[in-house]
Amino acid sequence: MSRGFVKEDDQEEIPMVPPRADLPDGVPNYVTPAGMEELLAEKQAMLKERETVDGGNENEKRIARNHLNARMQLLENRILSAQVIQPNEQDPEEVRFGAVIKLKTGENKSLKTFQIVGVDEANISKGKIAFTSPWPGPCSTKKPEIRQS
């Protein structure tokens, strides 16, 4: 159909949805049990939000629903691909996914505690580092191998 026969108001707005935390292609989506609970809680919050979507008019409601559905699809993909790893079942003498580690950081080399977690649960202010993050070790430029047994 020619653009001359299409009204501008009839054009559907494509929802711009920010991507979730980066998970490189081919990398398993490891999550801790707490991380899986967070993903499921986020899904429940979105379902509740979907029930209460109310805009000023039908067009605004449709746009809000499209945006919410796009976010929900990204979340569903993460939940379906999640591989829950039990940190307490890991060898405490090895640095693996779920491990709690202590690092000397900053200029004064203060000791800080971190846990190696999934990409969606990473939050540096809570002491959680994604297993895909660059390793902060001072002597090596190589990222350590984090193995899953």
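1. Two strands are said to pair if DSSP finds at least two bridges between them, and strands themselves (E, at least two residues), like helices (H or I, at least four), are DSSP runs numbered from the N terminus. In this structure β3 and β4 pair in the antiparallel sense, over six bridges. As background, the strands of a sheet pair through backbone hydrogen bonds, either parallel or antiparallel.

2. The model is predicted, so that local features need pLDDT of at least 70 and side-chain atom pairs count only at pLDDT 80 or more, while totals for chains, interfaces and linings use all residues. Residues are numbered from 1 along each chain as its sequence is written, and side-chain values use heavy atoms, with hydrogens and water left out.

3. For a general view, the protein holds two helices and five strands, and these follow the pattern β-α-α-β-β-β-β when read along the sequence. Buried residues (under 20% relative accessible area, where exposed means over 50% and partly exposed lies in between, with a 1.4 Å probe and protein chains only) make up 25% of the 149 residues. The protein exposes about 10600 Å², of which carbon and sulfur atoms supply 51%; such areas come from the Shrake-Rupley method with a 1.4 Å probe, and for residues only the protein chains shown count as cover. Among contacts (heavy atoms within 4.5 Å) between residues at least 6 apart in sequence, 55% join residues at least 24 apart.

4. The sheet deserves a careful look. Three strands form an open sheet in the order β3-β4-β5, with mixed pairing. Its edge strands are β3 and β5, each of which pairs on one side only. From one strand to the next the twist averages 45 degrees, where axes are lines fitted to C-alpha atoms, for helices over the stretch in contact, and angles run from 0 to 180 degrees between N-to-C directions. Strand β4, residues 110-117, runs parallel to β5 and is joined to β5 by three bridges, and Val 117 stands opposite Ala 130 in β5.

5. On the antiparallel side, Thr 105 stands opposite Ser 110 in β4. The hairpin of β3 and β4 has four residues between the strands, and in this hairpin Gly 106 takes a positive phi near 75 degrees. Lys 109, which lies in the loop between β3 and β4, has a positive phi of about 55 degrees although it is not a glycine.

6. Turning to the aromatic residues, rings of Phe, Tyr and Trp (its six-membered ring) pair if their centres lie within 6.5 Å, and planes under 30 degrees apart count as stacked, over 60 as edge-to-face and the rest as tilted. By this rule the count comes to three aromatic pairs. One of them is formed by Tyr 30 and Phe 97, a tilted pair with 5.5 Å centre to centre and 55 degrees between the planes. This pair links distant parts of the chain, since Tyr 30 is in strand β1 (residues 29-31) and Phe 97 is in the loop between β2 (82-84) and β3 (100-105), 67 residues apart. Tyr 30 counts as buried because its relative accessible area is 13%, and Phe 97 is likewise buried, at 1% relative accessibility.

7. Tyr 30 also forms a tilted aromatic pair with Phe 131, at 5.4 Å centre to centre and with 45 degrees between the planes. Here too distant parts of the chain are linked: Tyr 30 is in strand β1 and Phe 131 in the segment after β5 (128-130), 101 residues apart. Phe 131 is buried, with a relative accessible area of 10%. Ring pairs thus join Tyr 30, Phe 97 and Phe 131 into a cluster.

8. Two polar side chains complete this note. A polar contact is a pair of N or O atoms within 3.5 Å; within protein, one must be able to donate a hydrogen and the other to accept it, and residues adjacent in sequence count only if both atoms are side-chain atoms. Arg 96 is placed in the loop between β2 and β3 and counts as buried because its relative accessibility is 10%; a polar contact of 3.0 Å joins its side chain to that of Glu 94. Asn 57 is found in the loop between α1 (33-51) and α2 (58-81), and counts as partly exposed, at 38% relative accessibility. The side chain of Asn 57 reaches the backbone nitrogen of Asn 59 at 3.0 Å and the backbone nitrogen of Glu 60 at 2.8 Å.
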